[in-house]
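Grab a pencil and keep the 3D view open while you work. Try each task yourself before you read its solution.

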Amino acid sequence: MSLVRLNIKGISYSQTQSGAYALVLNEVNGTRTLPIVIGAFEAQSIAIALEKEIKPPRPLTHDLFKSFADRFHIIIKQVIIHKLVDGVFYSSLICERDKIEEIIDTRTSDAIALATRFNAPIFTYENILDKAGIYLKMKDTLPIDEDPLSIESLIDESDKKEATFSKDTLKQLNEKLNIAIQQEEYELAAKIRDEINKRT
């Protein structure tokens, strides 16, 4: 199976889950995006790493891992999102020390947080993008810095009402999916996509 390289497009607020965020990845040579639901801590950690200028007074868990790895000459070569089961993404860290390569199982949110610190490329398989990716028109894509998510807003975000789609038909779900994509509500789009996949 061929690997597809992904970039971090941004992090958006949850439209359906309180305390959750959507990490939005987009394929480097294409128009598909991959929204992944992550927790507030991981969202904050990724946002801090992307900001570069922001340095917390004490190291976060992912910063500690980076310092530990640097001290013992371990590098993360790449991250691969290799499996999707019931809406949950599974990932691996490809690490190297003394020219010996190791594969370590990890949560996708942790993998991305570490990839941002090691400047490691992020990949997924074509079949995962086919199943879970969302197509965007080129005019809908925005550079990450045009819609930044502040660190403060990650901490202060109020609870959102959880959405339910049990009464919607497939036609209604597809219409809602298109609207969510147009409005760049990627986390909501991911939830609708998962509901459509369950029914089909």
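Below are six exercises on this predicted model, each with a worked solution.

**Exercise 1. Get an overview of the protein chain: how many helices and strands are there, and what percentage of the residues count as buried?**

Step 1: Start with the secondary structure, which comes to seven helices and eight strands.

Step 2: Now look at burial. The chain has 200 residues, and 45% of them count as buried.

Step 3: Turn to the outside. The accessible surface is about 11,500 Å², with 51% of that belonging to carbon and sulfur atoms.

Step 4: Finally, check how far along the sequence the contacts reach. Take the contacts with a separation of 6 or more: 60% of them are between residues 24 or more positions apart.

**Exercise 2. Work out the order of the strands in the sheet, and find which strands stand at the edges.**

Step 1: Recall how a sheet is held together. Strands pair through backbone hydrogen bonds, either parallel or antiparallel.

Step 2: Walk across the sheet. Its eight strands come in the order E6-E5-E4-E7-E1-E2-E3-E8, and the sheet is open with mixed pairing.

Step 3: Look at the two ends of that order. E6 (100-107) and E8 (134-135) each have a single partner strand, so one side of each has no neighbour in the sheet.

Step 4: Check one pair further in. E2 and E3 run antiparallel and are joined by seven bridges; in this pair, Ala20 sits opposite Gly39 of E3.

**Exercise 3. Describe the surroundings of strand E7: which strands pair with it, and are its two faces buried or exposed?**

Step 1: Find the antiparallel partner. E1 (residues 3-13) is joined to E7 by four bridges, and Val4 has Thr124 as its bridge partner.

Step 2: Find the parallel partner. E4 (residues 75-85) pairs with E7 over three bridges, and here Val79 is matched with Ile122.

Step 3: Check the faces. Ile122 and Thr124 point to one side and Phe123 and Tyr125 to the other, and all four are buried.

Step 4: Zoom in on Thr124. Its relative accessibility is 0%, so Thr124 counts as buried, the cut-off being under 20%.

Step 5: See what surrounds Thr124. A polar atom of its side chain lies 2.9 Å from the backbone oxygen of Ile81. Leaving aside neighbours within four places in sequence, its contacts include Ser2, Leu3, Val4 and Leu129.

**Exercise 4. Test the length of helix H1 against what its number of residues predicts.**

Step 1: Count residues. H1 covers residues 40-51, which makes twelve.

Step 2: Compare the spans. At 1.5 Å a residue, with one less than the number of residues as the multiplier, 16 Å is expected; the end C-alpha atoms are 16 Å apart, so the two agree.

Step 3: List what is covered. Buried residues of H1 include Glu42, Ala43, Ile46 and Ala49.

Step 4: Step off the end. Lys52 follows H1 and has a positive phi, near 65 degrees.

**Exercise 5. Find the largest nonpolar core, and say which element gives it the largest share.**

Step 1: Locate the core. It has 32 residues, and Leu23, Leu25, Leu34, Ile46, Ile81, Phe89 and Ile122 touch the most other members.

Step 2: See who contributes. Elements giving two or more residues include E1, E2 (20-27), E3 (32-39), H1 and H3 (108-118). H3 provides the largest share, six residues.

Step 3: Look for a second core. Apart from the largest one lies another, of ten residues, including Phe165 and Leu173.

Step 4: Return to H3 and check how covered it is. Eleven of its eleven residues are buried, among them Ile112, Leu114 and Phe118.

**Exercise 6. Compare two loop residues, His73 and Asn119: what is the sign of phi, and are they buried or exposed?**

Step 1: Place them. His73 is in the loop between H2 (61-71) and E4, while Asn119 is in the loop between H3 and E7.

Step 2: Read the phi values. His73 is not a glycine, yet its phi is positive, about 60 degrees. Asn119 is not a glycine either, and its phi is positive at about 55 degrees.

Step 3: Check accessibility against the cut-off of over 50%. His73 has 60%, so His73 is exposed. Asn119 has 62%, so Asn119 is exposed.

How values were computed
Residues are numbered from 1 along each chain as its sequence is written. This is a predicted model: local features need pLDDT of at least 70, side-chain atom pairs count only at pLDDT 80 or more; totals for chains, interfaces and linings use all residues. Side-chain values use heavy atoms; hydrogens and water are left out. Buried means under 20% relative accessible area, exposed over 50%, partly exposed in between (1.4 Å probe, protein chains only). Two strands pair if DSSP finds at least two bridges between them. Contact means heavy atoms within 4.5 Å. Accessible areas come from the Shrake-Rupley method with a 1.4 Å probe; for residues, only the protein chains shown count as cover. A nonpolar core is a set of buried Ala, Val, Leu, Ile, Met, Phe, Trp, Tyr and Cys residues joined through side-chain atoms within 4.5 Å. A polar contact is a pair of N or O atoms within 3.5 Å; within protein, one must be able to donate a hydrogen and the other to accept it, and residues adjacent in sequence count only if both atoms are side-chain atoms.
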